[in-house]
Every structure is written in C-alpha cells, then in structure tokens.
Amino acid sequence: MKVEEFPIKGLYAFTPKQFGDGRGFFSETFNARAFEEVVPGITFVQDNHSLSRDPGVIRGLHFQNPPHAQGKLVRVTRGRVLDVAVDLRKGSPTYGSHVAVELSAENWKQFWVPAGFAHGFCTLEPDTEFLYKVTDYYAPDCDSGIAFDDPDLGIDWPFDRASATLSGKDAVLQPFREFDSPFTYDDKA
Ligand SMILES: Cc1cn([C@H]2C[C@H](O)[C@@H](COP(=O)(O)OP(=O)(O)O[C@H]3O[C@@H](C)C(=O)[C@@H](O)[C@H]3O)O2)c(=O)[nH]c1=O
C-alpha cells in the first residue's frame, strides 16, 4: 500500500495494491493492521455509499459536530471526483486551508480525512460511486457544513454554483467567517 502525506497534518492518501489477472483484479481495500500503522486508534462503525449521476454534483462541505465528529476514509469505485478536506481545527497552523485530491476508480486512491475537517467532493464523471468508512454514526442533530464556494476558503472547484448540482441543504450552508469551530488542534496527534 502506497502512503502519501500532505502539507496539512493528519491527512493521508492510501493506494492499496491491485492484483490484476485474466479475471479482473483483487484488492484489499481496507486492512485494519496496515491502517493502524499510519493512523493509530481509529475504529470505523459505518460504511456509506453514494451515487451521483452527473458530473458537477457537489456534496459538501460537511462535518458532524462533537460528540459525533467523524473521521472518513473515502474512495471512488466508479467514475472520478475532486475530493476536498478543509482544516477546521482551532489552533492549527493550517486552519482554514485545504487539500484537494483526485480520487477515481482508475487511480484507486483513498483519502483519510480525520475529525476536525470539513469534507466535500465534486464529481467529474457520470455515475460516480463514492464509498467511505466513518468513525461515528450518522447524527442528524450534529450535522453541519460550510458553503463549498466560500471565497475565504479559495477552493478551485471545477464547477461554480450556477453550473453545479447541489442538495437544497448544501445550497444554504453557512459562510466560513461566521463559523465558530468546535474542533481543536492536537499538536501531538
Ligand atoms: C450522511 C448520511 C445521510 N443519511 C440520509 C439523510 C438524508 O435523508 C440522505 C442524504 O443525506 P445527505 O444529503 O446529507 O448526503 P450527502 O450530501 O451525500 O452527505 C455526505 O456528503 C459527504 C461530502 C460527506 O462527507 C458525508 O459525511 C456526508 O455528509 O441520507 C443517512 O441516513 N446516514 C448518513 O450517514
């Protein structure tokens, strides 16, 4: 498994091996022991799967507030997305900055987005299937988000608000400047 780090501490990309043969391929898409070596102390409790029909579907930027904050291990099994994580950890040297990674069925990359980040993605191909493991259960009362196109975040999305497809909920998310983060940065983590 290939492991990549980023300028924002806590984010990782993993590329599991694919063993191709005449039938197709085999891949260990999650191995608790290998994951633990890079990101210790994590337990996943729920697996999610979404389908987005068109290119330009933007979901995000989402997070759950404590006590149900979620870490997410995300990947794409069909199609392609631009996946984005925004650092919301108060006191972090990279607070408010983001990492964008392309995830696709072709590159087989997974992105680890710990609790304390807002997460979102934009589909780049039709019929994109997005799969992820999360570290806490869905808690609608803790569900929150920030506008994907907030100018203060400066994310270079391939679609703008007029051309993207958004949920009603995502169309009215709060601006970053009004957001009082409940997350704190742990220097030692
Ligand atoms: C996220 C989620 C949603 N739902 C339900 C609520 C709602 O009726 C329907 C669709 O929910 P949403 O519109 O919030 O789905 P979606 O916009 O795909 O939300 C997801 O976006 C990406 C970017 C993330 O990071 C995820 O954590 C999650 O927030 O599914 C669950 O039952 N369990 C869940 O874990």
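Before I start, one definition: two strands pair here if DSSP finds at least two bridges between them. The model I am showing is a predicted one, and I would like to begin with its sheet.

With that definition in mind, take Glu5, whose bridge partner in S2 is Tyr12. The strands concerned are S1 and strand S2, residues 12-15, which run antiparallel and are joined by four bridges. They belong to an open sheet of six strands, paired in antiparallel fashion, and the order is S1-S2-S10-S7-S12-S5. Strand S1, residues 2-5, and S5 are the edge strands, each of them pairing on one side only, and if direction is ignored, neighbouring strands of this sheet are turned by 20 degrees against each other on average.

Let me turn to the ligand. Which residues surround the ligand? They are Asn48, Ser50, Arg59, Gly60, His62, Lys72, His119, Gly120, Phe121, Tyr138, Ser167 and Lys169. Two or more residues of this shell come from each of strand S5 (46-52), strand S6 (58-64) and strand S11 (117-123). By class, the shell has seven polar, three charged and two nonpolar residues.

Gly60, which is one of the residues around the ligand, also leads into a backbone feature that you may want to look at on the screen, since the peptide bond from Gly60 to Leu61 is cis, with omega near -5 degrees, and Leu61 itself lies in strand S6. A further cis peptide bond runs from Pro66 to Pro67, with omega near 10 degrees, and here Pro67 is in the loop between S6 and strand S7, residues 72-78.

Next come two residues with positive phi, neither of them a glycine. Trp108, with a phi of about 60 degrees, sits in the loop between strand S9 (98-104) and strand S10 (110-113). Is Trp108 buried, exposed or partly exposed? It is partly exposed, because 19 other C-beta atoms lie within 10 Å, whereas a residue counts as buried with 20 or more. Asp127, with a phi of about 50 degrees, is placed in the loop between S11 and strand S12, residues 128-134, and Asp127 is exposed because it has 12 other C-beta atoms within 10 Å, where 12 or fewer is the cut-off for that class.

Finally, Asn31 lies in the loop between strand S4 (24-26) and helix H1 (32-38). Asn31 is exposed, again because 12 other C-beta atoms are found within 10 Å. Its C-alpha atom is separated by 9.4 Å from that of Pro16, with the two residues 15 apart along the chain.

Key. Residues numbered from 1 in each chain as written. Predicted model: local features only at pLDDT ≥ 70, side-chain atom pairs only at ≥ 80, totals over all residues. Near = placed C-beta within 6 Å. Nonpolar A, V, L, I, M, F, W, Y, C, P; charged D, E, K, R; others polar. Axes fitted to C-alpha atoms, helices over the stretch in contact; angles between N-to-C directions.
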